[in-house]
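Work through the exercises below with the sequence and the 3D view at hand. Each task is followed by a solution in steps.

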Amino acid sequence: MTGIFDCLGGTSLATIVACRGANCEEGILVSPDAGSQSTDSDSAEFLDFLIVNSTYEGTKSFKTLNLKDETKNHGSYFMDELCRSLENFSLDKDLLQILTIVNYRIATFYLSATDDVQTDKKKQMPCLTSRLRTEIKFNKKM
């Protein structure tokens, strides 16, 4: 577990960053008008959950690793971008909006840099499952 943040005076946000498999995401170009439809059935025992994974099932989760200058190692791409986005947007946006920004930024701006040809220059895409019925707003700068 990477950290637990006290968000709403008793409600906690727990974060876990880990690989979810051995495969790497190659990345693809997506049409801006591509949409998706999904259906969901609610069960009272599974309401008000938000699960955010640093990557989707079967793929690797990357972190910054600079062997020449350890001061440039910031940890996982996901945690680095989550913290940056919470700092920048917690006053104005709700948690799902912030997580959407995190997804966009990781998918767009991050590319792995490793010595292994199997994992070098690969992409990462966070994945979230929301069963929330209300917005989670911080209403303050973090």
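The exercises concern salt bridges in this predicted model.

**Exercise 1.** Find how many salt bridges the whole structure has.

Solution. A search of the whole structure gives 4 salt bridges. The next exercises take up individual pairs.

**Exercise 2.** Determine which residue pairs with Asp80 in a salt bridge, and where the two lie.

Solution. Step 1: the partner of Asp80 is Arg84, with 3.2 Å between the closest N and O atoms. This is within the 4 Å cut-off for a salt bridge. Step 2: both residues belong to helix α1, which covers residues 77–89. They are 4 residues apart, about one turn of the helix.

**Exercise 3.** Classify Asp80 and Arg84 as buried, partly exposed or exposed.

Solution. Step 1: buried means under 20% relative accessible area, and exposed means over 50%. Step 2: Asp80 has 19%, so Asp80 is buried. Step 3: Arg84 has 31%, so Arg84 is partly exposed.

**Exercise 4.** Trace the salt bridges of Glu81 to Arg84 and to Arg105, and state what network results.

Solution. Step 1: Glu81 and Arg84 form a salt bridge, their closest N and O atoms being 2.8 Å apart. Both lie in helix α1, 3 residues apart. Step 2: Glu81 also meets Arg105 in a salt bridge, at 2.7 Å from N to O. This pair links distant parts of the chain, since Arg105 lies in helix α2 (residues 95–109), 24 residues from Glu81. Step 3: through shared partners, salt bridges join Asp80, Glu81, Arg84 and Arg105 into one network.

**Exercise 5.** Is Glu81 buried or exposed?

Solution. The relative accessible area of Glu81 is 1%, so Glu81 is buried. Its partner Arg105, at 29%, is partly exposed.

Definitions and conventions: Residues numbered from 1 in each chain as written. Predicted model: local features only at pLDDT ≥ 70, side-chain atom pairs only at ≥ 80, totals over all residues. Heavy atoms only, no water. Salt bridge = Lys/Arg side-chain N within 4 Å of Asp/Glu carboxyl O. Buried < 20%, exposed > 50% of the residue type's maximum accessible area, 1.4 Å probe, protein only.
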